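Hello,

Here is the structure I promised to hand over, with my notes below it. Please have a look at it before you read on.

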There are 6 protein chains.
Amino acid sequence: MPNPLIIEPIVRSALLEDLGRAGDLTTDAIVPDDAIAKAGLAARRSGRVAGLAAAIAAFRLLDPFAVIDILCGDGGDIAAGATIATIHGRARAILTGERTALNLLGRLSGIATATRALVAAVAGTQARIVCTRKTTPGLRALEKHAVRLGGGFNHRYGLDDAVLIKDNHIAIAGGVAAAVGRVRAGLGHMVKIEVEVDTLVQLAELLTLPVDAVLLDNMTPEQLRQAVAMVDRRMLTEASGNVTAATVRAIAESGVDMISVGWLTHSAPNLDIGLDIEFADDPDLRPDLRPEPGLTP
Amino acid sequence: MPNPLIIEPIVRSALLEDLGRAGDLTTDAIVPDDAIAKAGLAARRSGRVAGLAAAIAAFRLLDPFAVIDILCGDGGDIAAGATIATIHGRARAILTGERTALNLLGRLSGIATATRALVAAVAGTQARIVCTRKTTPGLRALEKHAVRLGGGFNHRYGLDDAVLIKDNHIAIAGGVAAAVGRVRAGLGHMVKIEVEVDTLVQLAELLTLPVDAVLLDNMTPEQLRQAVAMVDRRMLTEASGNVTAATVRAIAESGVDMISVGWLTHSAPNLDIGLDIEFADDPDLRPDLRPEPGLTP
Amino acid sequence: MPNPLIIEPIVRSALLEDLGRAGDLTTDAIVPDDAIAKAGLAARRSGRVAGLAAAIAAFRLLDPFAVIDILCGDGGDIAAGATIATIHGRARAILTGERTALNLLGRLSGIATATRALVAAVAGTQARIVCTRKTTPGLRALEKHAVRLGGGFNHRYGLDDAVLIKDNHIAIAGGVAAAVGRVRAGLGHMVKIEVEVDTLVQLAELLTLPVDAVLLDNMTPEQLRQAVAMVDRRMLTEASGNVTAATVRAIAESGVDMISVGWLTHSAPNLDIGLDIEFADDPDLRPDLRPEPGLTP
Amino acid sequence: MPNPLIIEPIVRSALLEDLGRAGDLTTDAIVPDDAIAKAGLAARRSGRVAGLAAAIAAFRLLDPFAVIDILCGDGGDIAAGATIATIHGRARAILTGERTALNLLGRLSGIATATRALVAAVAGTQARIVCTRKTTPGLRALEKHAVRLGGGFNHRYGLDDAVLIKDNHIAIAGGVAAAVGRVRAGLGHMVKIEVEVDTLVQLAELLTLPVDAVLLDNMTPEQLRQAVAMVDRRMLTEASGNVTAATVRAIAESGVDMISVGWLTHSAPNLDIGLDIEFADDPDLRPDLRPEPGLTP
Amino acid sequence: MPNPLIIEPIVRSALLEDLGRAGDLTTDAIVPDDAIAKAGLAARRSGRVAGLAAAIAAFRLLDPFAVIDILCGDGGDIAAGATIATIHGRARAILTGERTALNLLGRLSGIATATRALVAAVAGTQARIVCTRKTTPGLRALEKHAVRLGGGFNHRYGLDDAVLIKDNHIAIAGGVAAAVGRVRAGLGHMVKIEVEVDTLVQLAELLTLPVDAVLLDNMTPEQLRQAVAMVDRRMLTEASGNVTAATVRAIAESGVDMISVGWLTHSAPNLDIGLDIEFADDPDLRPDLRPEPGLTP
Amino acid sequence: MPNPLIIEPIVRSALLEDLGRAGDLTTDAIVPDDAIAKAGLAARRSGRVAGLAAAIAAFRLLDPFAVIDILCGDGGDIAAGATIATIHGRARAILTGERTALNLLGRLSGIATATRALVAAVAGTQARIVCTRKTTPGLRALEKHAVRLGGGFNHRYGLDDAVLIKDNHIAIAGGVAAAVGRVRAGLGHMVKIEVEVDTLVQLAELLTLPVDAVLLDNMTPEQLRQAVAMVDRRMLTEASGNVTAATVRAIAESGVDMISVGWLTHSAPNLDIGLDIEFADDPDLRPDLRPEPGLTP
């Protein structure tokens, strides 16, 4: 679960971005302050739900007393046309918060849904689908959580929680052994080290060093198979590059432990989710939902 | 141009998200504090550049004295393999800022590139390609600017700068005439009003009312053609729904003034851009680029 | 209504500014933590109420459980000596929040009251009273809302939601036609354009261009009358400059659509509002209002 | 001098409020990115200058390389028509920052000018003009500084830096002696204590207590004279209530040490200041002022 | 009491610092979302409690519905092994918030406990123990409050609420009389002035000037006694330098009014406080404590 | 190195806390705006320097043009009386920034110095000294860096970058094997797992599980020796509890890999560092250091 304290600031800032200074001109002019409505968040296509807490926060920030019913929570599979959750509260809050809620829910569910597809494609192999640091600026924690809701796993969260040595680091250090040595000398005992290699020759050199994992970049399934054999369980193996729905199975069958996929977080298409409103409620019948005059939110 | 003061906070927060508390463990352990490097931001695929100011800000925040050369600025067309800009400065800043810079540049260039394709597809018609409020939370101003760099135009920026009356508003108001009336009564003279219709019957009713534009939602090209004829220049016409590279030309040829496309900002794939580093510089030869010890950034 | 999420940050920052680090030295030393009081916000002079939500937020931030009764809400007319609202809760919160609440309520009610006077002065004409961007830094959304509560209307909220072309823009563009052309070429279809003119000669040139409104700056009522005749409903007309209680009626009778008044938001005097406290309550009789020990706020 | 680190955040937030997400639509469409201009901040009426640092910060945030010339600094007296300062730099920064700079400069100079008038009116007496906590939310430090630039002095800055015991505190404490006693018992030795009294009877009781100053509220000049005699230098005397340009001299002649005036900070009219632009510069002649392409600000 | 609005931001930022982006990996993986627990904050050593509001805020931010029982509030004396407060609520919130709560509670109680010891050591003298501006960056208000809970008093809170003239100021002004004169000329009437002296010669010069207090720096008890005699109640006397548990009594017996101690806030050792958890609760028995699914916090 | 972007916000907020709204009353009244001074940060006691970047930032925020000379950088050993760095710039900036700079430098150098002592005490053993999460709220990244400058190492930075399973987690999971299993199932491959044990019996059970490290809590050196033998290099061993200068050598000689010490970051005494000023500079001789009038900072 991402740090729970970061969701509200993200949603608040998204709402500020949409409401600007003057607020929702259309809704404020047309919808009475005390109108009550009920709305459903409905999937237009089937997929895996993610981001529901963020979507709900958008409505709650505009109407703290709204009643929310969750029919298909984060991590659940939703059918096209089915309702994910309902919101019952101030009509203005529902109409004004709609786009912000959907922008978050659609993006995160899109990531979970794309992840789910890759996870399904490698079912039966030992390979885990993992995401990268190629995330949307400002949304990393939510996007990495969405990958996990899709059945995937997370690589490091940032530059600060694990070591990944790439070619440029090796070049500056003057060789992979020197690079690994410098890192080992300075870091705490709870930090893991992974090294990126492009060739089996580089891999052979790496196998003598105390590292936890190897990133096998842009190799063919056949090269990956050889690499897995060379490693022989001495470290974890991760494949990256050219991973698509079409290629992922072959990559997984090479025997690698992980397959990392950048596009899951930067280019997965949104899941199409909409908001359907009913206005059947008579405000006089639901006085408990009506805001104190002049005080909301 | 987006508000220039919002770029730095977005980039700063993206860097904080990636560097966490402990900073770049790998680079700090391997790369000396005074090492100088030069790097190029290189397009792996051809596209339209957007987001360069944000990408550069990522490096500048980590090395205020870096020297930047822009070879293909925002709004320029870049060929696959060509270099967008070079950064010459502290090696640590380049390695640490790389991912944040690329995440921003790739996403925004992806949007500009997708927009460019749609704009090209409707060339010769009068139709403008416009984006919507379906943007990434926190990045709206940058994404809307990217659409413009791609040759598109922006619909309203938020709920606060123009009025768009949708079916739910009409239902609450008790009819489109009442909805338009309420809005006209309360709003300033510099605010425009657009109304969404789903059918030609609704359109006919709307034509008697003082509105500036009509959003024709989910109509076929043939329906759009009829709608354009009915409107006969009395208001602007905007088509939305089911817009793809394959359909956009036919929609444009219906004669509508605008075609709005939500996926441009929420689901356009990133443009693949990488960072290539040369380490030829000898720090002793470039003392002007070396940070004051202990004082950076 | 202004964006509802911006009120609390404004009030919180005003309270922080008043309480500093050490809090309310006087009240904390003298008033017991569990003392309960009831207070009334009373108008010392008659006027139009605005800013009540902000004033109440000041007390609520210091005592979330205070009971508020609103006797004359935002937009209501209050007589001298009458009570706008009562607050029943922790005595410390009432005494400590008093000045912040009154500073906000007094300023915003002052603006609403001054607006009301101008609106009354032009009653029966078609002219709307509108405010400008000459607002107090940090309070624009609240001040523009206060103008609306006073019966006025808002011009654009900022530089970003409408176009106003002034003499400097025209000089740089090399003429008004060029200026309007550049703007039309680049902006979205939901943005309106207004142009400022100082003379009837400039107005004549403008009338051939596709703009939505004209700002007639510093003209006499007679010049305004001529201008209105020249425009002949082809665009909206707005008068500005030298608008006072004494002159506004004559300006309105020229037939202009809007009269914009900068001093409404930058120099309207505060409405004098005070806070009267009764300490009759015995805390033991109102246990429901007493804070959990050590936990407030 | 106010805390220098608070000026930039205030100005930045004022600019954000004006530029919104989309920035200055008009200027960006019309004025080329590399156009250079020179502008003067010119007083339309005579007055005392205050807020220049804030005004300049507005331009500097948009163009860090602008060249500023100050002709009449904070605290100087400016004649109608004279120039306070000139700004030479990016034309866009000047046009876009104009309103924010003027809003700050006009308000603060208005306060300084009003203060100057009161100070002049009491010249030759021992009375100091002091301001109160009735300030604009968010601008207190700047407004209190403006009072000092006008020749006045500041009362406490907030609830946290001095003690002012009012009637409500006395009522809760059960008498003025008890109130003073509670405060003395708990506070540090660097905090001063002032007590508000409405009558000479209350003053007589107060004179036996260890307080530093007395606030004589709403007394006539004759009552003030008696009060000053009764106090006989044992504590500082401060008059408040009904202070206007017409009454202040008589109040001062009563012999009080201070006269506090709430309206100086909440209702002083803005000083009318404008910005005049010349566009004589040819950008090619001033390459040092031109921004690095794509990098500003 | 410190400004109550500053506690939550401090605690929130401390939690963000501990939870990072990914949250509590261990607890989230092991503890079910709906598990309920009860925990006690228990003193491992005896001391004076301070910081309880901050500690509780840490749990409340993670579980707004937790039930808190305070057994020994701020300012109370706790025996080793005794329980300060209990928290009954979501098990995840208790485990995740534990370290942040204890870091705050331990530090602030450490300060209160150290203060209590010095206060006890000077019992029967007239000397007050006061703290300085040598506080932990970001925690000044809480630390100064902890000193008061320990029975001490606060010197000025910052550079802005009182004047302390030190040797460097005197050197620049060209003498203590000039320094005091400059300060008197410019400051408000509610600000007190203290001057630091190192020798009795300097003190003799100071006695002719209108200052409120003198800081006698690094004097022996005998020198202090002489200084107190010289001052003879004309101003307050404060001793500083070399104050330890061993020396404080002798310093107090010199007759000074205050003894200021920098290490109270920068080097007092934490009070050892731990958190003991019982997991006896069955969630089904406490449905009122269970979070709404998917919605916390 | 900590995330470089977090230093300035910490220092800025510390300065705001000290300067409040009104700034440095004493210095502003006495020291001319254009006075130039030179000051040295001098160690009053010998120690290891840490926090210099933060200290310098305090001066730079108040005078961006100050010239800094570093004589003994972060991680250097300073003798009592020696100068760490000099600052040459605006006298006001030096006097106003002094306390904030020293508060940061003293605390962080205190931590580095205490760490250095423990590291020296275990010299020749294989044991590393490591810190914990018992840090000062808001300063964790700086404090953990100070430990490294002292020759120590860091345990995990927060709850989010490594797993540490404690007794409460084990109790909830129903046993250590279950707890480890749940964690292994859900976490990414770059996260390490450590488990806390109190007894050798618990250790024996742990040895069969796939964990990276064991925390041996509150064991005697003899128990630690047995534990190290039992583990026999299968995982890393860490000792905690009762670590003092007197006991650390014996603990290290047990053969453990790490010794974690909470008090290093929460209770290490500040290193005594002062600021010595010379005012010999004549401002006319150093025009390059003088601020643009009215514009600083």
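Let me begin inside one chain: in chain C, E238(C) has M258(C) of β12(C) as its bridge partner. Before going further, a word on conventions: this is a predicted model, in which local features need pLDDT of at least 70 and side-chain atom pairs count only at pLDDT 80 or more, while totals for chains, interfaces and linings use all residues. Residues are numbered from 1 along each chain as its sequence is written, chains are lettered from A and ligands numbered from 1 in the order in which they are written, and side-chain values use heavy atoms, with hydrogens and water left out.

**The sheet in chain C**

Back to that bridge. Strands β11 (residues 236-240) and β12 (residues 258-260) of chain C run parallel and are joined by 3 bridges. Strands here are DSSP runs of E with at least two residues, and helices are runs of H or I with at least four, both numbered from the N terminus; two strands pair if DSSP finds at least two bridges between them. The open sheet of chain C has 7 strands with parallel pairing, in the order β7-β6-β12-β11-β10-β9-β8. Its edges are β7 (153-154) and β8 (163-165) of chain C, each with a single partner strand, so one side of each has no neighbour in the sheet.

**Chains E and F**

How are chain E and chain F related? A turn of 180 degrees with a shift of 0.0 Å along the axis lays chain E on chain F with an RMSD of 0.0 Å, which is the relation of a two-fold axis. (Copies are superposed by least squares on the C-alpha atoms of residues with pLDDT of at least 70 in both.) The same surface serves both copies, as 100% of the contact residues of chain E recur in chain F.

In the interface, 57 residues of chain E are in contact with 57 residues of chain F, contact meaning heavy atoms within 4.5 Å. The two chains bury about 4800 Å² between them, 58% of it on carbon and sulfur atoms; buried area is the accessible area (1.4 Å probe) that two parts lose on being put together, summed over both. Of the area that chain E buries against chain F, 15% comes from I30(E), P137(E) and L159(E), more than from any other three residues.

There are 4 salt bridges across the interface of chain E and chain F, a salt bridge being a side-chain nitrogen of Lys or Arg within 4 Å of a carboxyl oxygen of Asp or Glu. D18(E) forms one with R133(F), with the closest N and O atoms 2.5 Å apart. Chain E and chain F also have 32 residue pairs in polar contact (both at pLDDT 80 or more). That term means a pair of N or O atoms within 3.5 Å; within protein, one must be able to donate a hydrogen and the other to accept it, and residues adjacent in sequence count only if both atoms are side-chain atoms.

Which element gives the most to the side of chain E that touches chain F? It is α4(E), with 6 residues. By class, that side of chain E has 28 nonpolar, 16 polar and 13 charged residues. Here Ala, Val, Leu, Ile, Met, Phe, Trp, Tyr, Cys and Pro count as nonpolar, Asp, Glu, Lys and Arg as charged, and the others, Gly among them, as polar.

**Chains B and D**

Chain B can be laid on chain D by a turn of 120 degrees and a shift of 0.0 Å along the axis, with an RMSD of 0.0 Å; that is the relation of a three-fold axis. In chain B, P9(B) has the C-alpha nearest the axis, 7.4 Å from it.

This contact takes 16 residues from chain B and 17 residues from chain D, and the two chains bury about 1400 Å² between them, 59% of it on carbon and sulfur atoms. M1(B), N3(B) and L5(B) lose the most area to chain D in chain B, together 46% of what that side buries. The rule finds 1 salt bridge across this interface, and the side chains of D160(B) and R21(D) meet in a salt bridge at 2.6 Å, N to O. Residue pairs in polar contact number 3 here (both at pLDDT 80 or more).

**All chains**

Over all chains the count comes to 84 salt bridges. Do look at D18(B) and R133(A), whose side chains meet in a salt bridge (2.5 Å, N to O).

Best wishes
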